[in-house]
Amino acid sequence: MPSLINLIEEDRQQQGGEKRSETAGRWQQDSMQKMLTIISNVLRGSASRNGAQVVSEAASMVVSSRSYADFTPEATFDIKKVDLHRLEEGPPLTATLTREEGLKYYRTMQTIRRMELKADQLYKQKIIRGFCHLYDGQEACAVGIEGGITLSDHLITAYRAHGYTLTRGGTVREIMAELTGRRGGIAKGKGGSMHMYTKNFYGGNGIVGAQVPLGAGVALACKYLGNDQLCVSLYGDGAANQGQIFETYNMSSLWKLPIIFICENNQYGMGTSVERSSASTEYYKRGDYIPGLRVDGMDVLCVREATKFAADHCRSGKGPILMELQTYRYHGHSMSDPGVSYRTREEIQEVRSKSDPISMLKDRMLSNNMASIEELKEIDIAVRKEIEDAAQFATTDPEPPLDDLCSHIFATDQPFDVRGATPWTKLTSTS
Amino acid sequence: MLHRRDGSRFPPDVTLGIQAKEFNLGFIRPDNLVSHGLRVFRCLLSSVSLFQVNVQDALNQAMDEELERDERVFLLGEEVAQYDGAYKVSRGLWKKYGDKRIIDTPVTEMGFAGIAVGAAFAGLRPICEFMTWNFSMQAIDQVINSAKTYYMSAGGQPVPIVFRGPNGSSAGKLTNIYCFAAWYGHCPGLKVVSPWNSEDARGLLKAAIRDDNPVVFKANELMYGVPFDLSEEVMPKVERQGAHITLVSHSRCVGFCLDAAAVLAKEGVECEVSIFTLSARVCELATFQLQVKQWRRRGWLLFLWATNKLCYFLIFFLHFICTYISVSVSYDQKELLDIRTATTHLKLG
């Protein structure tokens, strides 16, 4: 077997220097190579592959294009069909992934994963305190959504916001320093886990469900200013029952606001499973008159294609659209929740082994020869180092000065005195 | 629209002689009371004729001018567009500016207050109207939490929004008549203003719209129809001069204080009536320092759960003080006798 694989490699290297042409004979050779690649990968037996993945790859086609490198530059994958509500057509059933995109998504998802695990570690060491809601398991949502919109579009989410802060332009250093409450943080240590802001990213909101009308307001501003931007407004399965969300559905539909409502259904609202909280668990249909999609939120390509579809819908002036992403969180609701009193460890393990978003992407890329295992390992090491550096910074950076306690109460105001804890203590506030 | 007595139109921004920039929405302190009064006085001297304008029209004029001045300003609320405003404060604005800038909303306070705050996040300057401040209770989370954003983003996300509406007592009603100045006044980061007369209403609304911070603007429904005649002797922050007692009040109760002062004047007690809570920050009461003259006593009238009967109570109470209680005030220590009156603590409605 190893000799057969070597033969294939030699063959490919010999042909590596030649230009590809569209002759029939050449095509046959390509398909032969593709077949042998698949066989060799199966025989090599890459770890933790789920059955569905192998089947879909056997059915996938390699798109031939110019390339001198060993790696496939681009591949098309079948993705799960999306459930539709009030829509004739949905997003496409196949998604094309280029090598660069794949590596970028892999790196971002791995960064989010490691960052959340590091936050877990720092919390247990009491370096991070207060609230800390971790996003591991749901990385495909953040990365997939960002793949479907641009940085000039707007996004607002609830408190499980670390992943989105990263995809919206924050750096790991700033995020971790904000979690530890230091002056190098993205909100200078004054916001904490739930109040991180970047350009066109409005947090991080503590009140469940309140971010949805805020997102509609941002969408109203986009429509008002006529800048062809849209707003993505996220909420969870727990928040999906909030009254203000239905008020927002009404107004955004009435005024045709360019907003994508996204329900990240991770099956549990804190400790309450969806069956115990909602009379209807089909969250994509809850918008009633608003068209809806139910999407596999563990597959980054599925999420990306659905987001692109939704963005086109909004930008064409058809008004709001609702997406439900079916996803899962490995950690508990927050750091104070072990996460096993309302669900079983077996359930968590099962999801981890069968539908982990990072593993899914990794397997896809490896089996289509879009990256080598060493390359991905290198990315892992680089990410680990980045997180270590960020954690080091977050631990050693000084806390904000006491003068900052009262600053930023008002914008563009003269400095004024603020009453301290007693009537005779005065602190100065600057804008 | 404001007109001079001879029928010609007052050019905008010179109306009432007060420029919006004269109103600083910071805390009013004694050291700038006098200088502020003098500035206003100087402006008043430049106005050439008398005119009458009621509070409703003053607010209308303020919004009209600000809508014209800045494209980003818009108004949303229930019945503000085609109905011309539930209390006619936004009369004529929809006809002038259209659907894009004057938006009728459904009866969903929490939803549209949140939408207004979100629009402010994204760079617009909304005026969010509540039909009365009682209905803002449905949306109180959005109003209060709009104030936290600038602080928690360490200055990254300002929220230039104005929440407006009538507040406090009305005629013959038992519900929807509560005063929420103190509720919102407790919130750091939120500016609360509660004007009494037309010029304050107009100037403060303009200043509120131009301010980059969330402002809660409380008018009073019963004041909407009251015209104010401006003469050159008016000192807006101190409505009536007097040497014996200072009555400090806000919103509609300033009128009660003036009535009480008129009655007491017949008894020989001279009251100074001053508008304190243009900025209704209750927690600042402890640090508010008025210029204290010898033997001056001070009674406060706070507008909480107010009823009409209060003015009679006030007159009796103050008469009692003047006749039976003598207070020795040390000039150096600036000791003040604060007597706060409010209405009976009855929950109505």
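Here are some friendly notes on a predicted model of two protein chains, A and B.

1. **Where the chains meet.** A good place to start is the interface, where 46 residues of chain B are in contact with 38 residues of chain A. The two chains bury about 3,600 Å² between them, and 67% of that area is on carbon and sulfur atoms. Three residues are worth finding on screen: Ile115(B), Tyr151(B) and Met152(B) supply 18% of the area that chain B buries against chain A, more than any other three residues.

2. **Charged and polar links across the interface.** The rule finds one salt bridge between chain B and chain A. Here the side chains of Asp413(A) and Lys191(B) meet, with 2.8 Å from N to O. Polar contacts across the interface come to 14 residue pairs, counting pairs with both residues at pLDDT 80 or more.

3. **What chain B brings to the interface.** Several elements of chain B each supply at least two residues to the side that touches chain A: β2 (73–77), β3 (102–104), α4 (109–121), α5 (140–146) and α6 (149–152). Helix α4(B) gives the largest share, with 10 residues. By type, this side of chain B divides into 20 nonpolar, 14 polar and 12 charged residues.

4. **The largest nonpolar core.** Turning to the interior, the largest nonpolar core has 71 residues. Those that touch the most other members are Ile145(A), Tyr164(A), Met176(A), Val232(A), Ile260(A) and Leu293(A). Helix α11 of chain A (residues 300–315) supplies the largest share of this core, nine residues. For a closer look, try Ile260(A): leaving aside neighbours within four places in sequence, its contacts include Val232(A), Thr307(A), Ala310(A), Ala311(A) and Cys314(A).

5. **Another core.** Apart from the largest core lies another, of 56 residues. Its members come from both chains, among them Ala219(A), Tyr224(A), Ile115(B) and Ala122(B). You have already met Ile115(B) as one of the three residues that together supply 18% of the area chain B buries against chain A.

6. **An enclosed helix.** Helix α7 of chain A (residues 172–179) is largely enclosed by the rest of the structure, because six of its eight residues are buried. These are Val172(A), Ile175(A), Met176(A), Ala177(A), Glu178(A) and Leu179(A). They pack against α4 (99–124), α6 (162–167) and α14 of chain A. Met176(A) also appears among the core residues that touch the most other members. Just after α7(A), Gly181(A) takes a positive phi of about 75°.

7. **Two positive phi values outside glycine.** Asn369(A) has a phi near 55°, a positive value in a residue other than glycine. This residue is found in the loop between α13 (357–367) and α14 (373–396) of chain A, and is buried, with a relative accessible area of 18%. Ala154(B) also has a positive phi, near 50°. The loop that holds Ala154(B) runs between α6 and β5 (162–166) of chain B, and Ala154(B) is buried at a relative accessible area of 3%.

8. **A buried serine.** Is Ser170(B) buried or exposed? Its place is in the loop between β5 and α7 (181–185) of chain B. Ser170(B) counts as buried because its relative accessible area is 13%, under the 20% cut-off. The side chains of Ser170(B) and Glu221(B) are joined by a polar contact of 2.5 Å. Leaving aside neighbours within four places in sequence, Ser170(B) is in contact with Ile177(B), Glu221(B) and Leu222(B).

Terms used: Residues are numbered from 1 along each chain as its sequence is written. Chains are lettered from A and ligands numbered from 1 in the order in which they are written. This is a predicted model: local features need pLDDT of at least 70, side-chain atom pairs count only at pLDDT 80 or more; totals for chains, interfaces and linings use all residues. Side-chain values use heavy atoms; hydrogens and water are left out. Contact means heavy atoms within 4.5 Å. Buried area is the accessible area (1.4 Å probe) that two parts lose on being put together, summed over both. A salt bridge is a side-chain nitrogen of Lys or Arg within 4 Å of a carboxyl oxygen of Asp or Glu. A polar contact is a pair of N or O atoms within 3.5 Å; within protein, one must be able to donate a hydrogen and the other to accept it, and residues adjacent in sequence count only if both atoms are side-chain atoms. Helices (H or I, at least four residues) and strands (E, at least two) are DSSP runs, numbered from the N terminus. Ala, Val, Leu, Ile, Met, Phe, Trp, Tyr, Cys and Pro count as nonpolar, Asp, Glu, Lys and Arg as charged, and the others, Gly among them, as polar. Buried means under 20% relative accessible area, exposed over 50%, partly exposed in between (1.4 Å probe, protein chains only). A nonpolar core is a set of buried Ala, Val, Leu, Ile, Met, Phe, Trp, Tyr and Cys residues joined through side-chain atoms within 4.5 Å.
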